[in-house]
Amino acid sequence: MKKIAILVGARPNFMKAAPIIRALRAQGARQIKAERPKGKEKNTSHQQFEPVLIHSGQHYDRRMSQVFFTELGLPKPNRHLGVGSGSQAEQTAGVMTALEPVLRELKPALLMVVGDVNSTMAGALTAVKLHIPVAHVEAGLRSFNREMPEEINRVVTDSISDLLFTTEKSAEKNLRAEGVPPGRIHFVGNVMIDTLLALRGKARKISHYRKLGLEPGEYALVTLHRPSNVDAVPELREILRALVEISKSLPVVFPVHPRTRKNLEAFGLWKKSAKGPGLILTEPLGYLQFLSLMDRARMVLTDSGGIQEETTVLGVPCLTMRNETERPVTVEVGTNIMVGPDPGRIVREAGKILRGGGKKGRIPAKWDGKAAIRIAEITRKYLLSSNAQAQMTK
Ligand code: UD1
């Protein structure tokens with residue numbers, strides 16, 4: 001049986017990989033069943049593909065990694081590279097150095113990478129140099145801001161991927177403009193939304209807001225971790241000021257990312273943040289607790305990528321504290337409004353939502369819970385095509 005290796009590394013990768021692994025396994029099981037009556041299983045087993053999960057270890061805290069494996073039903077990784085934190089170069093090089101011997105040993109038919117974190121780009125680079133085809137899930141998104149490490153990761157990964165799976169139409173346009181052959185691009189929808197739709201019911205039962213003493217629709221939810229917002233004192237202080245201001249009218253729940261916490265403490269802002277009466281700081285939350293909070297929030301304020309998409313599907317107004325988004329469909333079709341890091345604008349837009357209920361949106365095309373099934377099908381066809389077979393025998 002041929003292997004499809006899937007690389008994950010950081011928190012937002014886990015919810016994207018989970019449905020893909022399930023879809024690949026289901027496809028393998030269907031294939032075996034379909035082939036068995038004909039008695040061909042011995043001859044055709046080379047046409048089946050089993051997923052093999054590799055964790056780079058970019059995120060390693062229980063709350064940033066293990067809890068997601070449990071809640072999302074992800075299998076224990078077949079390999080854990082234990083790379084951990086470091087500078088951009090250290091982390092990228094660390095993943096490459098640790099992954100290369102693993103890929104040499106496993107000899108997968110293809111490496112699948114998801115999202116835009118450092119592990120994504122490092123994985124793609126390592127595989128392509130070993131002549132292993134690469135599939136990129138969530139390809140083609142562009143913020144056009146090359147100061148974001150994720151933008152570099154996206155551009156590099158897409159330029160060396162053989163299969164590019166996109167979540168929205170803008171991605172295809174971006175890829176074509178960069179000269180990617182159209183035959184490599186597949187508009188499949190959004191695997192992060194596959195996970196959200198599968199687990200929304202379970203998350204609702206948790207009602208995590210009640211544990212924080214809150215009522216549904218009577219609080220705002222915040223996430224903040226972009227280096228441009230949290231790595232320098234003035235930006236972080238100003239955003240914090242806006243959050244404290246909002247918390248005077250509406251309780252604000254803020255699960256603090258480790259990067260942000262480290263900086264709040266280093267800049268002497270941690271005690272100040274804990275002072276706002278309506279500002280509720282928590283440790284990073286698990287997937288179900290966070291989804292439960294997001295689903296019933298009056299509004300979400302974030303600088304995350306994925307949360308812009310999740311709020312669009314949940315129909316919850318989202319204020320994105322960045323100047324640009326690589327996910328324009330969430331603004332054009334969904335509930336997202338870009339407010340930048342300007343505290344005045346953040347407070348004003350939050351006030352509008354409080355008074356008027358916020359932007360209503362629709363659900364973007366193909367965000368229907370079936371993206372992973374499409375990915376599994378296209379990947380299988382690709383691997384059975386003569387092109388890839390040639391690569392596989394190299
Ligand atoms: C990374 C991704 C970002 C993604 C985010 C989600 C890159 C370039 N960035 O950013 O796109 O949105 O993950 O969380 O890949 N830390 C811990 N425990 C952990 C992991 C990190 O304490 O388990 C701390 C460390 O101090 C580390 C810092 O967080 O130095 C930043 O971690 P890192 O993986 O470099 O980037 P993120 O900011 O998490």
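In the predicted model, the side chains of E178 and R142 are joined by a salt bridge with an N to O distance of 2.7 Å. This pair connects distant parts of the chain, the two residues being 36 residues apart. E178 belongs to the loop between α7 (169-177) and β7 (185-187), whereas R142 belongs to the loop between β5 (134-137) and α6 (149-160). The two partners also differ in their surroundings: E178 is partly exposed, with a relative accessible area of 40%, while R142 is buried, at 3%. The value for R142 falls under the 20% limit for burial, and R142 is therefore assigned to the buried class.

Salt bridges also occur within single helices. In helix α7, R176 and E172 are four residues apart, about one turn of the helix, and their side chains meet in a salt bridge of 3.4 Å, N to O. R176 is partly exposed, its relative accessibility being 46%. A further pair is formed by E349 and K352, whose closest N and O atoms lie 3.2 Å apart. Because E349 and K352 are three residues apart in helix α17 (residues 343-356), about one helical turn separates them. Here E349 is buried at 10% relative accessibility, and K352 is partly exposed with a relative accessible area of 46%. Elsewhere, salt bridges with shared partners combine K16, D116, E138, E151, R154, E309, R322, E326 and R327 into one network. Over the whole structure, the search yields 27 salt bridges.

Aromatic pairing was examined in the same model. Three aromatic pairs are found in a search of the whole structure. One of these is the tilted pair of F14 and F68, with 6.2 Å from centre to centre and 40° between the planes. F14 is located in helix α1 (residues 11-35) and F68 in helix α3 (residues 62-72), so this pair ties together parts that are 54 residues apart in sequence. Both rings belong to buried residues, the relative accessibility being 0% for F14 and 2% for F68. Y209 and Y219 form a stacked pair, with a centre-to-centre distance of 6.0 Å and an angle of 25° between the planes. This pair likewise links distant parts of the chain, Y209 lying in helix α9 (residues 208-211) and Y219 in the loop between α9 and β8 (220-222), 10 residues apart. The angle of 25° is under 30 degrees, and the pair therefore counts as stacked. Y209 and Y219 are both buried. In addition, F14 and F68 join F69 in one aromatic cluster.

The surroundings of S304 were also analysed. S304 is situated in the loop between β11 (299-302) and α15 (306-314) and is buried, with a relative accessible area of 10%. A polar atom of the S304 side chain lies 3.1 Å from the backbone nitrogen of I307. When neighbours within four places in sequence are set aside, the residues in contact with S304 are T223, H225, R226 and R322. Among these contacts, R322 is also a member of the salt-bridge network that includes K16, D116 and E309.

Technical notes:
Residues are numbered from 1 along each chain as its sequence is written. This is a predicted model: local features need pLDDT of at least 70, side-chain atom pairs count only at pLDDT 80 or more; totals for chains, interfaces and linings use all residues. Side-chain values use heavy atoms; hydrogens and water are left out. A salt bridge is a side-chain nitrogen of Lys or Arg within 4 Å of a carboxyl oxygen of Asp or Glu. Buried means under 20% relative accessible area, exposed over 50%, partly exposed in between (1.4 Å probe, protein chains only). Rings of Phe, Tyr and Trp (its six-membered ring) pair if their centres lie within 6.5 Å; planes under 30 degrees apart count as stacked, over 60 as edge-to-face and the rest as tilted. A polar contact is a pair of N or O atoms within 3.5 Å; within protein, one must be able to donate a hydrogen and the other to accept it, and residues adjacent in sequence count only if both atoms are side-chain atoms. Contact means heavy atoms within 4.5 Å.
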